[in-house]
Amino acid sequence: MKDAMNDHKVMDLILQEERRQQEQVMLIASENFASKDVQSAQGSVLTNKYAEGYPGQRYYGGCEVVDKIESLAIDRLKKLYGADYANVQPHSGSDANMAVLHAVLSPGDKILGMSLDAGGHLTHGHRASVTGKIFQAVGYGLNEEGLIDYQQVEALAHEHQPKLLIAGFSAYSKVIDWAFFARVAKDVGAVFLADMAHVSGLVAAGLYPSPIPHADIVTSTTHKTLRGPRGGMILAQSETELTKKIQRSVFPGMQGGPMMHTIAAKAVCYHEALQPSFKTYQSQVLKNAVAMAKGWQDQGFAVISGLPDNHMFLVSLVGSNLNGAEAQELLEKLGVVCNKNSIPQDPLPPKQTSGLRIGTPAVTTKGMDESQSYELGKLCGQVCSNPSLESQNQLKTFVKNFTKEMMEA
């Protein structure tokens, strides 16, 4: 394989990463394994083509083929979600969100989104993000049951009169009531943005409610549950004056030339998501998440918001001997990769945290079932509650056996 690249230093590092992905169990909720077809498209000669503009309206010559590729991606994406508007050019989910904010807001306008410590995303108005620096951001959180506090959302919306209302998350395990957000947005005259980055694969499979019928605009990544290349996308139920603004906001407002190799890979992933097998896969993702969460619960750990309705969940480490950073480091040494994550009202700072975020898309892609998911959750819980040599060896043995099965499959 080294002969495929003359730069052996880079090739060696790529091979090291390939081995790491083969030899470790991946539980990061925002990661997945793209298919060989997706990887082939993204690694193709399309990376050579500059194509500023949109199909049929480019600012460069030689775009006859890439026009067809982008049009194919758009058509497949519309079919996948039952939408009449789609933009496949955003380089990431964050870029997609920024394009919407750029189209809808002026500096100083108010936005209302989920607080980061409640499970929201940086681009929903956190002070560390440009969205929190340019705009006036207000955050809503969770109630005592660990569910979105819908009463608070409505009260804050009427109090602050935001111009943009955002629903979506990076660390929340339950179903969002998209219709509720749509009603509140209408009541206060706000644009409703639904960020379905984490659940877009589940939505495509019909296993999680779609925001398309309710939101003015929907954004997403393509690389999480959707199992495509790293990238973003924007959708709407119909073409409107708002979607025309978003077209201009993506290009030339926020981005220059689109990544045509990534757009081709997106087209491949949309095709894969349209196949019946994709729903079977997403169904297993959900079963595995519930089973894995039960494994943690049976070791005495609280799962924030209860058993998950989607592909991920937060484990509270409050009361254990490890904080989130310590647990993440220990589990990674034993072959399990997850990420530290703040929990609601977290007493610890973001670099430590009192929780772990766990997701099952990647391990499901590699063939894990419910019994294995439960066992893995249980073993991880044992290690975090009592990091004895015996518990660590049990987890290492599980990882070794599972990754061996993956490579032999």
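Okay, one term before we start: a residue is called buried when its relative accessible area is under 20%. Keep that in mind, and keep in mind that what's on the screen is a predicted model.

Let's try the term out on strand β5, residues 110-114. How many of its five residues are buried? Four of them, so to speak, are tucked away: β5 is mostly covered.

Who are the neighbours of β5? Strands in a sheet pair through backbone hydrogen bonds, and they can do that either parallel or antiparallel. With β6, residues 136-140, β5 pairs in the parallel sense, over five bridges. If you want a spot to click on, Ile111 has Ala137 in β6 as its bridge partner. Then there's β7, residues 164-168, which also pairs with β5 in the parallel sense, here over two bridges. In that pairing, Leu112 is partnered by Leu165 of β7.

Now let's zoom out for a moment. The protein chain has 15 helices and 15 strands. Its radius of gyration is 21 Å, close to the 22 Å that the globule rule gives for 409 residues, so the chain is as compact as a globular protein of that length. The C-alpha trace spans about 65 × 60 × 40 Å along its principal axes. Buried residues make up 54% of the 409. And if you take contacts with a separation of 6 or more, 71% of them are between residues 24 or more positions apart. As for the outside, the chain exposes about 17700 Å², and carbon and sulfur atoms supply 50% of that.

Next stop, another sheet. This one is open, with four strands in the order β11-β12-β15-β14, and the pairing is antiparallel. Why do β11 (302-303) and β14 (339-341) each have one side without a neighbour in the sheet? Because they stand at the edges, each with a single partner strand. For β11, that partnership is with β12, residues 312-316, over two antiparallel bridges. Look for Val303, which stands opposite Val315 in β12.

Helices pack on this sheet too. Helix α12, residues 324-333, touches β14 and β15, and its direction makes about 45° with that of β15. Helix α11, residues 276-297, lies across β11, β12 and β15, running at about 10° to β12.

Stay with α11, since it has a helix partner as well. When two helices pack, we describe them by the angle between their axes and the distance between those axes. For α11 and α14, residues 370-385, the angle is about 30° and the axes are 7 Å apart. Their crossing is right-handed. Among the residues that meet there are Ala291 and Trp296 from α11, and Tyr374 and Leu376 from α14.

Last one: helix α10, residues 260-273, where you'll find Thr262. Is Thr262 buried or exposed? Its relative accessibility is 5%, and the cut-off for buried is under 20%, so Thr262 counts as buried. Leaving aside neighbours within four places in sequence, Thr262 is in contact with Gln42, Pro229 and Arg230.

α10 also packs with α3, residues 64-81, at an angle of about 35° and with the axes 9 Å apart. Here the crossing is left-handed. The residues that meet include Ile69, Ala73 and Leu77 in α3, and Ile263, Ala267 and His271 in α10.

That's my tour, thanks for listening!

Terms used: Residues are numbered from 1 along each chain as its sequence is written. This is a predicted model: local features need pLDDT of at least 70, side-chain atom pairs count only at pLDDT 80 or more; totals for chains, interfaces and linings use all residues. Side-chain values use heavy atoms; hydrogens and water are left out. Buried means under 20% relative accessible area, exposed over 50%, partly exposed in between (1.4 Å probe, protein chains only). Two strands pair if DSSP finds at least two bridges between them. Contact means heavy atoms within 4.5 Å. Axes are lines fitted to C-alpha atoms, for helices over the stretch in contact, and angles run from 0 to 180 degrees between N-to-C directions. The radius of gyration is taken over C-alpha atoms; the globule rule is 2.2 Å times the number of residues to the power 0.38. Accessible areas come from the Shrake-Rupley method with a 1.4 Å probe; for residues, only the protein chains shown count as cover. A crossing is left-handed if the near helix is turned anticlockwise from the far one by less than a right angle, and right-handed if clockwise.
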